[in-house]
Amino acid sequence: MPDKFLLAGKEFTSRLIIGTGKYRSHEEMKAAHVASGAEMVTVAVNRVPLDRKTESFLDHLNPSMQILPNTAGCYDADHAIRTARLAREALDTEWIKLEVIGDPVTLLPDNEQTLEAAKVLVAEGFIVLPYFTDDLIMAKKLLDAGCPAVMPLAAPIGSGMGVQNPSNLRIMREQLPDATIIVDAGVGVPSDAAIAMELGADAILMNTAIAEAGDAPAMATAMKLAVQAGRLGYLSGRMPKRLYASASSPLAGAIK
Amino acid sequence: MSPLLTRGLVQRIRLREYRDMTIFINGEARKLDGVSTLASLLDALDFPKQRVAIELNKQVIRKQDWDSTDVADNDTIEVVHFVGGG
């Protein structure tokens, strides 16, 4: 049975969205992108450097992949809105990963500014995918603002700590059964991705876990499989957790 | 018109013609000569024109308007492109 991932009216086969930052080379990035099976990649908006000829980074991306620009580096709604408008103009896309950071050490999101920016951008016709703290109430507000999906963090950006608060994700899944939830940031290893998917995430966005792996393309393959395994595990319906054992083999009839 | 006044006017016009414009571009103050429009600014800076976007005094200027949008002294301009990110 095909298990398509629908996001803002677009159909994806892969539930893994990956980044383009921190790779050691363009070649390694390209190989990792292919291995991941991802159909959408994030890019950052940045000033063109003065006095230095630059090549187009986008030329290193597979043209079949959808480009999702982000508003990384923005610390308030105003900067994020301006960045989104620039990205739309340059790429001719309405899609934006909205990221408003509240603090340079933790890179934790400023949820209040994120919501404010989301409202403005939705009104301007953007497809806003907001990165935010894994909080149910905030998720509801972002969805009410018109975001087609919410992107709660698993752990701080680039930390590789894995899902720090599985209860929050589970509650979000149970309370918002129809919402599209994409876990964004904090995944470190394939088991983290599988856990997030088992908890009911619809997709995962990651960058550093693949880019900083010793063998990025191999890790991209592992992440692809983990996302698939976690998804299938979620759809299959897990067994209940029990405090005590439950024998798998019949106890009656064992020789005495 | 007196010769003195005429000379003064000519000087003022010349000063205007040759005075460098100071533009704040991507966070740096730049004195630019011979720049009139946003399109000529990109040329002067040897910037790419594909898949970039320009903000002039915090307003995005559509690509089709780069040729007709004048740059003025003390303008603040952001020219962005895309880099790797997550």
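**Exercise 1. A hairpin in chain B**

Find which two strands of chain B form a hairpin in this predicted model, and which residue in the turn has a positive phi.

*Solution.* Begin with the pair itself: strand 3 and strand 4 of chain B make the hairpin, with two residues between them. Next, look into the turn, where B:Asn57 has a positive phi of about 50°. Now check the ladder: strand 3 and strand 4 of chain B run antiparallel and are joined by three bridges. To see one of these pairings, pick B:Ile54, whose bridge partner in strand 4 of chain B is B:Ile61.

**Exercise 2. Another partner for strand 3**

Work out how many bridges join strand 3 of chain B to strand 5 of chain B, and in which direction the two run.

*Solution.* Take residues 53–56 of chain B, which are strand 3, and follow them to strand 5 of chain B: four bridges join the two, and they run antiparallel. For a landmark, go to B:Leu56, which stands opposite B:Ile77 in strand 5.

**Exercise 3. Crossing to chain A**

Identify the strand of chain A that is joined by bridges to strand 5 of chain B.

*Solution.* Start from residues 76–84 of chain B, which are strand 5; five bridges join this strand to strand 4 of chain A, and the two run antiparallel. One position to locate is A:Asn46, opposite B:His81.

Then widen the view to the whole contact, which takes 29 residues from chain A and 25 residues from chain B. On the side of chain A, strand 4 (40–47), strand 5 (66–70) and helix 2 (77–91) each give two or more residues. Finally, sort the residues on that side by character: 13 are nonpolar, ten polar and six charged.

Note on methods: Residues are numbered from 1 along each chain as its sequence is written. Chains are lettered from A and ligands numbered from 1 in the order in which they are written. This is a predicted model: local features need pLDDT of at least 70, side-chain atom pairs count only at pLDDT 80 or more; totals for chains, interfaces and linings use all residues. Two residues are in contact if their C-beta atoms, placed from the backbone, lie within 7 Å. Ala, Val, Leu, Ile, Met, Phe, Trp, Tyr, Cys and Pro count as nonpolar, Asp, Glu, Lys and Arg as charged, and the others, Gly among them, as polar. Two strands pair if DSSP finds at least two bridges between them.
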